[in-house]
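Colleague: Let me question the labels on this model. Please back each one with its rule.

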Amino acid sequence: MEAGTATHPDQEPAAGALLARRLAARRRPGEAAIKGFLFLCALLSVATTIGIVVALAQPTIDFFGSVNFFDYLGGTDWAPLFKPRSFGVLPLVVGTLTTTFWACVVALPFGLGAAIYLSEYAATRTRRYLKPALEVLAGIPTVVYGYFALTFVTPLLRDIGLSAEVFNALSAGLVMGVMILPTVASLSDDALTAVPMALREGAYGLGASRLQVSTRVVVPAALSGIVASFVLGISRAVGETMIVLIAAGLQPTIAFNPLHGVETMTAYIASTGIGDVPTGSVEYKTIFAVGATLFAATFLMNMVSIRLVRRYREVYE
Amino acid sequence: MSAIPVGARRVGPASSKERVKGVAFRALLLFSLAVGFITLVTLLVDVVNDGAGKLSWHFLSAFPSSIPSHAGIQSPIFGTVALMLLTALFAVPLGVGAALYLEEYANKARWYNRAIEINIQNLAAVPSIVYGILGLAFLVRGLSLGRVLLAGALTLTLLVLPIVIIASREAIRSVPNSIREGALALGATRWQMIRRQVLPAAIPGIATGSILALSRAIGETAPLILIGALTFVPFNPTGLDSAFTALPIQIFNWVSRPQDEFHVLAASAIIVLLVLLLAMNAFAIWLRNRYQRRW
């Protein structure tokens, strides 16, 4: 198809239009080069993901050359640095689950509660101040939370009569819960505010109270977004390092006792990384094997969360 | 009640029981919101209580030491500032470039553009320690950079890049299309339009987002631990290939010692770190209020 005939089939194209067409048709290598460069910038993010996978894969494969895969996944004894060596990852998984559980106890109900208040109860002006203020919590460095858990929350737990050890899963988990609370609140709030006004008006028109509208109409309608915020919050808790490294201890255990010390996957990676382990040794490879386990778990949760958010966006926006 | 069909509800003013339930629910929600703020205030008061007494010019200007009364944070401060500048230097141009591609050039119908977008969202949620593993494997050991400032800055660059991209995209998206159309109608090429119209209009938003991303980077500890910044460093970084430490690293070092004297030092260093973060955030907010245009 000829470009000029589409708009003015009867007239002779004006000189200006001819010039414009010739300019548009002119090859501009500079423009193409810029586009190519910007594309490369965007591609760097994909390269990062590939880099992570490659960095984790090779030593992990090597690791499973010397350690049976099922002994790793199903083993209940984690002692990679002492003889007799044992590479059962379950104690690290249990440690991670314990701290994550207590983080969820704080972050999920209070995060959702804060989100419902922000979207259904607060005045628009209050909301404009409250939301960024809440996000300050997410901006506090995790090493600061670690200090707080160790030097304030743990002594507090002991003061109220719990026989908590100096390093315990409970205080690390609770503080971690406060850290991820804004993530849960902010994403849930996005999902709640995306619910169309007409649904609320319909319910109010039928005589429902604000409580009923919130819990029986808006929350169910925003459920996929709320679940997405929960999943992302859990993923954050699983991947958090400094709080558990400082306050939860380094004792691999398969007991879910929150008052005792535990070792999480992240804490193991960090504490092993501090020591200058020789490249190629089994200790060095455990960093990558545990890292791959952690990456796989959080990657899966992040993808689920992204999917769920897309779903409610498709329905309401 | 038996006359009312199943599923129907009584219409009219709420019963007193309903009203009590409503008030209780509202109180519960307010309490949820308060949990975060109460913890924040408690944390700040606790840290200031523990650490304010130790803050002095000597503490800011002395180097780390194994004797608590001599210890200071000069090299961690210099290390943090150097990391921040280098990370900004790498992450902002790359992040803005990627954002420009995704907003101005990418055809959303193409699978690879969608893949890049999902990938960036996912990277933003990858645990920071995984970036540390990446830095350890590729930068420190693979490229044999060693445990140096450049390796730290590059690791943090990869870590904050997704955040810079997401913030920059939002800023670019908020520039109205009429500006683009006007520029193109006057004969500008696509890049001329971006360079002279879109970018200048988006810069305040990009700057705000980038500063907030950087303030996340300077609080990061885990990836730096993994690439080996946790050495005792009583000197300021001298170049890209210099060993380094940073404020969060020094704080972690002090927190992980059992003696109370070191915990006090940690609290003092935390105050300095939080003041630095507060200054950056305040600057970002000021920048946004001062320069951001409403279209």
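Colleague: What distance separates the centres of domain 1 of chain B and domain 2 of chain B?

Modeller: It is 31 Å, taken over C-alpha atoms. This is a predicted model, in which local features need pLDDT of at least 70 and side-chain atom pairs count only at pLDDT 80 or more, while totals for chains, interfaces and linings use all residues. Residues are numbered from 1 along each chain as its sequence is written, and chains are lettered from A and ligands numbered from 1 in the order in which they are written.

Colleague: Where do the bounds of the domains of chain B come from?

Modeller: From an automatic or database domain assignment. For chain B it gives domain 1 (16-54) and domain 2 (57-291). Their contact takes 6 residues from domain 1 of chain B and 8 residues from domain 2 of chain B. Two residues are in contact if their C-beta atoms, placed from the backbone, lie within 7 Å. On the domain 1 side, the residues divide into 3 nonpolar, 1 polar and 2 charged. Here Ala, Val, Leu, Ile, Met, Phe, Trp, Tyr, Cys and Pro count as nonpolar, Asp, Glu, Lys and Arg as charged, and the others, Gly among them, as polar.

Colleague: What does the domain assignment of chain A give?

Modeller: Domain 1 (13-66) and domain 2 (86-316). The centres of these two domains of chain A are 35 Å apart over C-alpha atoms. In chain A, 7 residues of domain 1 are in contact with 8 residues of domain 2.

Colleague: Why is chain A called more spread out than a compact globule?

Modeller: Set the value against the rule. The radius of gyration is taken over C-alpha atoms, and the globule rule is 2.2 Å times the number of residues to the power 0.38. For 317 residues that gives 20 Å, but chain A has 27 Å, well over it, so the label holds. Along the principal axes, the C-alpha atoms of chain A fill a box of roughly 90 × 65 × 35 Å.

Colleague: What radius of gyration does chain B have, and what would a compact globule of 295 residues have?

Modeller: Chain B has 25 Å, where the globule would be near 19 Å. Its C-alpha trace spans about 80 × 65 × 40 Å along the principal axes.

Colleague: How many helices and strands does chain B have?

Modeller: 11 helices and 0 strands. Helices (H or I, at least four residues) and strands (E, at least two) are DSSP runs, numbered from the N terminus. Chain A comes to 13 helices and 2 strands.

Colleague: What makes helix α10 of chain B largely enclosed by the rest of the structure?

Modeller: A residue is buried if 20 or more other C-beta atoms lie within 10 Å of its own, exposed if 12 or fewer, and partly exposed in between; C-beta atoms are placed from the backbone. In helix α10 (residues 247-255) of chain B, 9 of the 9 residues are buried, so the description follows. Among them are I251(B), F252(B) and W254(B). The cover comes from both chains: it includes α6 (142-159) and α11 (242-247) of chain A, together with α3 (74-105), α9 (222-226) and α11 (260-291) of chain B.

Colleague: Why is I180(A) called buried?

Modeller: I180(A) has 27 other C-beta atoms within 10 Å. The cut-off is 20 or more, so I180(A) qualifies as buried. This residue is found in helix α7 (residues 169-193) of chain A. Leaving out residues up to four places away in sequence, I180(A) touches A103(A), A107(A), G233(A), R236(A) and A237(A).

Colleague: Which members of the largest nonpolar core touch the most other members?

Modeller: Y147(A), V175(A), I243(A), I133(B) and I251(B), out of 189 residues. A nonpolar core is a set of buried Ala, Val, Leu, Ile, Met, Phe, Trp, Tyr and Cys residues joined through C-beta atoms within 7 Å. V175(A) touches Y145(A), F148(A), A149(A), V153(A) and I243(A), not counting residues up to four places away in sequence.

Colleague: How many residues of chain B are in contact with chain A?

Modeller: 72, against 68 residues of chain A. Helix α1 (residues 16-51) of chain B supplies the largest share of chain B's side, 16 residues. That side divides into 47 nonpolar, 18 polar and 7 charged.

Colleague: What is the mean pLDDT of chain B?

Modeller: It is 88, and 94% of the residues of chain B reach 70 or more. pLDDT is the predictor's confidence in each residue, from 0 to 100. The model scores ipTM 0.89 and pTM 0.88.
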